[in-house]
Amino acid sequence: MLKNNYNIPVKEIQEIAKIEDPVKKRATFVAFLTREFKRRGAKEPVVVGGLALEIYTQGSYTTGDIDLKSEKEILEEILIKWGFNKKGRVWFNENLDIYIDWLGSSLEEGIEAEKRLNTVIIDKDLELKVISIEDLIIDRLKAYKWWKDRDGFMWARILCEIKKSLDDHLDKDYLKTRAKEEKIEDVIGKLLKE
């Protein structure tokens, strides 16, 4: 039996601990975290980076941590209360096998990106916010161009296919605007030609 020294309700700790699928485990954790932010009247955290890609690809992409944008003070207060420790900039709870990388208070992509957030519903009262597919495409293309992440372009292409499979149009104008801001017009042009 898992010892509850976290101040998360025992039922929720047990629920998280027994989830074997790592994507579902991390998403469920963020949903509980989001509910706690809402209970405190705070702005909901946003999943970005690897976990966002993992969620959209239903686990085809794998990551080891949760990249979050949120109010730092509230996040830290909750994580401490829930039994997390901090090493460098990463918060971790070994018993739950959950690692959180706080990446700032808000989206650098701006107000438009905030309006485009997607809500993933886990259960009737559990949901989380995830960066939009378009903004994640830009993120992957930046990694491809600036950090020589060879897989970045492939994941951007896969995200385009996911958007298409959802019968949702890819906002090419938004992508081109963001690409210009990030100085990756050449890469977005290559992607949109395919």
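A residue counts as buried when its relative accessible area is under 20%. By that rule strand 7, residues 126-130, is mostly covered, since four of its five residues are buried. The model is a predicted one, and strand 7 is a convenient place to start reading it.

Strand 7 has two pairing partners to look at. Strand 6, made of residues 118-123, runs antiparallel to strand 7, and five bridges hold the pairing. One of the matched positions puts Asn118 with Val130 in strand 7. Strand 6 and strand 7 also form a hairpin, with two residues between them. The other partner is strand 1, which runs parallel to strand 7 and is joined to it by two bridges. Here Val46 stands opposite Lys129 in strand 7.

From strand 1 the path leads on to strand 2. Strand 1 covers residues 46-48, and its pairing with strand 2 is antiparallel over three bridges. Val47 has Leu68 in strand 2 as its bridge partner. How are the two faces of strand 2 covered? On one side Ile66 and Leu68 are buried, and on the other side Asp67 and Lys69 are buried as well. Strand 2 spans residues 66-69.

Strand 2 pairs with strand 5 too. Strand 5 consists of residues 98-102, and the two strands are parallel, with three bridges between them. Leu68 stands opposite Trp102 in strand 5. Leu68 therefore appears in two pairings, as the bridge partner of Val47 and as the residue opposite Trp102.

Strand 5 leads in turn to strand 4. These two strands run antiparallel and are joined by four bridges. Phe92 has Tyr99 in strand 5 as its bridge partner. Strand 4 and strand 5 form a hairpin with four residues between them, and in the turn Asp97 has a positive phi of about 60°. Strand 4, residues 90-93, also runs antiparallel to strand 3, residues 85-87, and three bridges join them. Lys87 stands opposite Val90 in strand 4. This hairpin has two residues between the strands, and Gly88 takes a positive phi near 65°.

The helices come next, beginning with helix 2. Helix 2 runs over residues 22-39, and Thr34 lies in it. Is Thr34 buried or exposed? Its relative accessible area is 0%, so Thr34 is buried. Once neighbours within four places in sequence are set aside, Thr34 is in contact with Glu44, Pro45, Glu127 and Leu128.

Helix 2 also contributes to the aromatic pairs. The structure holds five of these pairs. In one of them, the ring centres of Phe29 and Phe84 are 5.4 Å apart and the ring planes stand at 45°, so the pair is tilted. Phe29 lies in helix 2, while Phe84 lies in the loop between helix 4 (72-81) and strand 3, so the pair ties together parts that are 55 residues apart in sequence. Phe29 and Phe84 are both buried. Together with Trp82 they form one aromatic cluster.

Another aromatic pair is formed by Tyr61 and Trp155, with 5.2 Å from centre to centre and 90° between the planes, which is an edge-to-face arrangement. This pair links distant parts of the chain. Tyr61 is in the loop between helix 3 (49-56) and strand 2, Trp155 is in helix 7 (residues 150-165), and the two are 94 residues apart. Trp155 has a relative accessibility of 11%, so it counts as buried.

The last stop is a pair of helices. Two packed helices are described by the angle between their axes and the distance between the axes. Helix 6, residues 133-146, and helix 8, residues 172-182, pack at an angle of about 35°, and their axes are 10 Å apart. Their crossing is right-handed. Which residues of helix 6 and helix 8 meet? From helix 6 come Glu134, Asp135, Ile137, Ile138, Lys142 and Trp146. From helix 8 come Tyr174, Leu175, Arg178, Ala179 and Glu182. Sorted by class, the contact of helix 6 with helix 8 has six nonpolar and five charged residues, and no polar ones.

Methods. Residues are numbered from 1 along each chain as its sequence is written. This is a predicted model: local features need pLDDT of at least 70, side-chain atom pairs count only at pLDDT 80 or more; totals for chains, interfaces and linings use all residues. Side-chain values use heavy atoms; hydrogens and water are left out. Buried means under 20% relative accessible area, exposed over 50%, partly exposed in between (1.4 Å probe, protein chains only). Contact means heavy atoms within 4.5 Å. Axes are lines fitted to C-alpha atoms, for helices over the stretch in contact, and angles run from 0 to 180 degrees between N-to-C directions. A crossing is left-handed if the near helix is turned anticlockwise from the far one by less than a right angle, and right-handed if clockwise. Ala, Val, Leu, Ile, Met, Phe, Trp, Tyr, Cys and Pro count as nonpolar, Asp, Glu, Lys and Arg as charged, and the others, Gly among them, as polar. Rings of Phe, Tyr and Trp (its six-membered ring) pair if their centres lie within 6.5 Å; planes under 30 degrees apart count as stacked, over 60 as edge-to-face and the rest as tilted.
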